[in-house]
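Biologist: Could you take a close look at one part of this model for me, the place where two neighbouring helices pack, and then set it beside the strand pairings and the sulfur chemistry elsewhere in the chain?

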Amino acid sequence: MFIGERAEVRVRVANKSTASNCLLKLKAKVYEHLVEDELSLDPGESTVIDIATPVITQRSLSEVESFVELVDQVSNLSWSQKLTLVKPQLPVVVEVDREHRLYSSAKKYSFSIKVENKLGAELEVELLLSKLTICDTTVQTNRLVLKPYESSEVLVELRPRKVGVETLNVGLVIWASEIKLYELYEEISLEVRQSFSITKSSVQGIKDSTVTKGQRFGVYLSFKVYPESGAEVKLLSKNLRFSESILTVFPPEDERLVEVVAVDYGDSVITVSDGVYSLDLKLPITVVRPMVRIVAGREVIYGGMRGTVRFEVENPFDVELKLLVKVDEENPFIRFITKSREVFLKPYARSPVELEVVGLKYVENGSFNALLKVQIDVEGVKEECEFSERLYFSVKSPVNVQLSVKHSAVYMPIVKDSSPAFKDLRTPVSVMVVVKNLTKHLIDSIEVGIWFKELSGRGATPIKLSLDPGGSRPIVVDEGMPCNYTHDYITVSYRVTVSGYYTAEEGEVKIPVVRYPPLLVSFSKSLFKPKDCPYPGIELKDKVAVLIPTGVDLSSIYLACGEPIKISEYHIKLANNLYSILSDSIGKEVKSVWDAASSVIFKRSLYIKPSFNREQEVYEGIVHSVKGIDVLPAVLWKITLGKLIKQKAGRYPVGARKVGLIVPNSEESFRTVRGDFYDNLLKFVLHGNAESEAWLYNYIRDSLNALVVDPMYLLYVLNGGRPVGFDEKVFASLLERGSLAGLLMYLALTDLSGWVLNEKIVGEVTRVVGEKGGALSSKGSCKVALSIILQKLLEHFHAVASRVEHLE
């Protein structure tokens with residue numbers, strides 16, 4: 001039994017009644033069909049009934065369970081029989097290969113589907129194919145008409161679209177007399193395989209991983225080919241052009257060397273494709289814009305001289321390049337003589353590029369932008385690319401300049417109310433500039449200028465010179481500074497230029513001005529060193545008088561100025577000893593009126609910037625009282641110390657501390673104490689009474705001649721009293737008696753002009769002060785006496801210097 005045929009079931013029916021007719025209703029299910037009928041049987045009659053169905057279809061495959069049922073319409077009695085029918089067979093036989101493999105390089109692939117008709121009736125077969133992604137399908141025809149018991153086939157063509165595996169569903173719909181009998185589906189496994197693979201690749205003919213447009217090189221490809229007939233592949237790339245872009249490769253392995261030319265920028269990727277399967281092959285090269293490698297250091301340019309900014313350019317490609325180097329910008333440190341250069345570079349070649357420049361201004365890390373234009377014209381490719389490169393240089397001085405000042409300070413003596421000749425006196429200032437050529441070339445345009453900033457127009461006229469390689473030359477400027485110079489320093493300015501526009505070095509040095517009350521030291525002209533002595537001097541007929549500061553070591557004077565005459569040597573030693581003793585003693589403490597008076601005199605004499613804080617404390621510590629035997633000394637010291645530190649005499653307020661001295665409440669309470677000396681001294685101190693001064697002068701003169709020295713006599717001198725005339729006999733007597741404290745006070749009370757030019761006396765005084773002055777300075781009156789001697793000594797030399805009428 002086949003699907004597409006009619007089914008029949010034969011049933012024999014008999015009426016067992018002999019008396020009556022039998023009216024039956026027939027109901028039968030045969031496969032998928034339900035058949036109903038009626039029949040009538042005479043008494044005792046039997047008959048055979050063929051139950052026939054329409055054509056059975058695919059549905060009957062699941063409807064094999066059937067039945068036949070008879071119902072007596074009178075008695076309503078029934079009879080039924082279940083039937084299991086044979087499963088119907090398919091009306092056609094389909095023959096097809098269920099697995100197919102093809103390669104991606106195949107132009108087309110076909111297979112057939114054969115269909116055989118098992119029925120004795122004509123069948124029509126409709127062919128349905130599912131859609132595929134890996135292939136395009138084409139069917140020769142999608143409808144077959146099969147004669148009874150005949151067969152036919154349909155050809156299916158496949159065109160691969162991509163590599164992969166997929167199932168093709170083939171549907172066959174069977175029709176007979178426009179009745180759909182059966183639907184049949186077949187699954188066909190399809191596989192599209194790649195036709196090739198690349199087992200090895202390499203780039204040949206280049207030295208680097210970069211190439212540029214127009215550059216030719218080779219690409220080696222090793223293929224593994226799978227189809228027996230071989231495969232045709234095409235080479236594709238966005239930035240490469242191939243000498244042959246279509247290759248036919250053969251199994252099992254094939255090798256090809258393909259020449260390519262770079263035509264665009266970017267990473268190089270070759271796509272190898274057979275039309276269906278594609279393989280992207282990334283080459284280890286990049287196509288870059290045409291450029292050159294710069295090999296450059298930091299060029300040294302000498303200011304004011306021609307130099308060269310030199311660098312090397314290297315062609316990293318296997319094509320010839322044309323390079324234009326150009327500088328458009330202005331640079332504050334160099335001026336370009338050559339602003340452009342044109343260079344032709346062979347493949348992989350190097351070439352120097354030199355730009356001639358002139359150094360204008362010193363710079364350690366200078367730079368400029370060079371514009372580089374690279375051009376290519378090869379293999380039909382024309383390309384031009386611009387980029388800039390920062391080039392570095394330094395502009396250094398071609399000369400070394402060393403400035404030295406002969407003396408560390410400019411010594412200006414303080415001389416007031418001096419003569420016109422003295423006002424023309426000059427303090428020497430010596431400046432030397434040494435210029436050395438640091439280059440290996442002759443420099444013939446060096447200009448050196450030295451001038452004194454505070455003195456308009458004073459200094460050396462600019463000096464022009466030339467220097468051989470490595471050569472040097474000193475330039476010395478000796479200048480005399482006027483002693484009425486008012487500034488606290490002298491500024492020496494200098495400038496060294498090369499070629500008129502490059503400043504090799506410029507600067508200024510400030511030399512401090514030291515002002516001092518001078519000692520007038522005499523030198524023999526033959527022993528004096530005028531070029532080395534830093535102090536101003538006055539040339540007289542047979543000697544030179546030099547104004548030297550107090551405190552300068554005698555050995556230093558010997559070294560700098562020469563050997564002074566003997567008495568001047570004593571003067572130097574005496575002043576230095578006094579200076580050393582007093583500066584050391586005063587620096588330790590100021591507690592008594594003696595300390596305060598000595599300190600004030602010392603500072604005034606040496607023009608030390610006054611700072612009388614400690615002296616003021618002592619002054620304020622002298623308090624009022626009506627008791628004690630030291631009333632008058634206290635009053636006199638209060639007035640005297642007040643004058644010394646420039647305060648007014650009169651009634652003084654009570655201070656907060658005491659220093660062992662007291663002052664009475666009224667002037668009348670002490671006038672009769674200790675006689676006329678204090679009475680006259682008080683009048684002289686308070687009012688400057690001339691009669692009192694004359695009385696005191698005579699009194700002190702007579703006392704000194706009698707070898708009586710009272711410390712209170714010093715108050716007469718401290719208040720401006722006229723000094724007593726010096727008597728060598730009195731001096732000798734005091735010296736012989738060993739009364740050194742009295743000797744010092746005698747020198748403080750007498751006229752210094754009486755002994756200062758006496759070599760013998762000056763020598764003795766110098767010895768006494770040098771040997772005993774330090775110990776005696778612990779006594780207040782001696783310390784004041786030493787201060788007065790130093791003050792008189794400096795005042796004496798000041799007076800001598802101011803009286804010089806002319807310079808020889």
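Modeller: What follows begins with the helix pair and then moves to the disulfide and the strands.

This is a predicted model, and the part to start with is the pair formed by helix α10, residues 728-737, and helix α11, residues 740-749, whose axes lie 8 Å apart and meet at an angle of about 155 degrees. Angles over 145 degrees count as roughly antiparallel, and α10 and α11 are therefore roughly antiparallel to each other. The crossing of α10 and α11 is left-handed. On the α10 side the contact is made by V730, F731, L734 and L735, while α11 contributes L740, G742, L743, Y746 and L747. Sorted by class, this contact of α10 with α11 holds 8 nonpolar residues and 1 polar residue, with no charged residues. Gly is counted as polar in this scheme.

The disulfide count for the model comes to 1, and the pair concerned is C533 and C561, with sulfur atoms 2.3 Å apart. The torsion about the S-S bond of C533 and C561 is about 70 degrees, so the disulfide is right-handed. Because C533 sits in the loop between β42 (518-528) and β43 (537-539), whereas C561 belongs to helix α2 (residues 554-561), the pair ties together parts that are 28 residues apart in sequence.

Turning to the strands, an open sheet is formed by 4 strands in the order β7-β9-β13-β11, with antiparallel pairing. The edges are taken by β7 (92-95) and β11 (135-139), each of which has a single partner strand, so one side of each is left without a neighbour in the sheet. From one strand to the next the twist averages 20 degrees. For the edge strand β11, 5 bridges join it to strand β13 (residues 151-160), the two running antiparallel, and within that pairing C135 has P160 of β13 as its bridge partner.

Strand β31 (residues 350-359) can be followed in a similar way, since 9 bridges join it to strand β27 (residues 306-314), again in an antiparallel arrangement, and V309 is paired there with L355 of β31. Strand β29 (residues 334-336) is also joined to β31, by 3 bridges and with antiparallel direction, and F336 finds its bridge partner in V357 of β31.

How values were computed: Residues numbered from 1 in each chain as written. Predicted model: local features only at pLDDT ≥ 70, side-chain atom pairs only at ≥ 80, totals over all residues. Heavy atoms only, no water. Axes fitted to C-alpha atoms, helices over the stretch in contact; angles between N-to-C directions. Parallel < 35°, antiparallel > 145°, perpendicular 65-115°, else oblique. Left-handed = near helix turned anticlockwise from the far one by under 90°. Contact = heavy atoms within 4.5 Å. Pairing = 2+ DSSP bridges. Disulfide = S-S within 2.5 Å.
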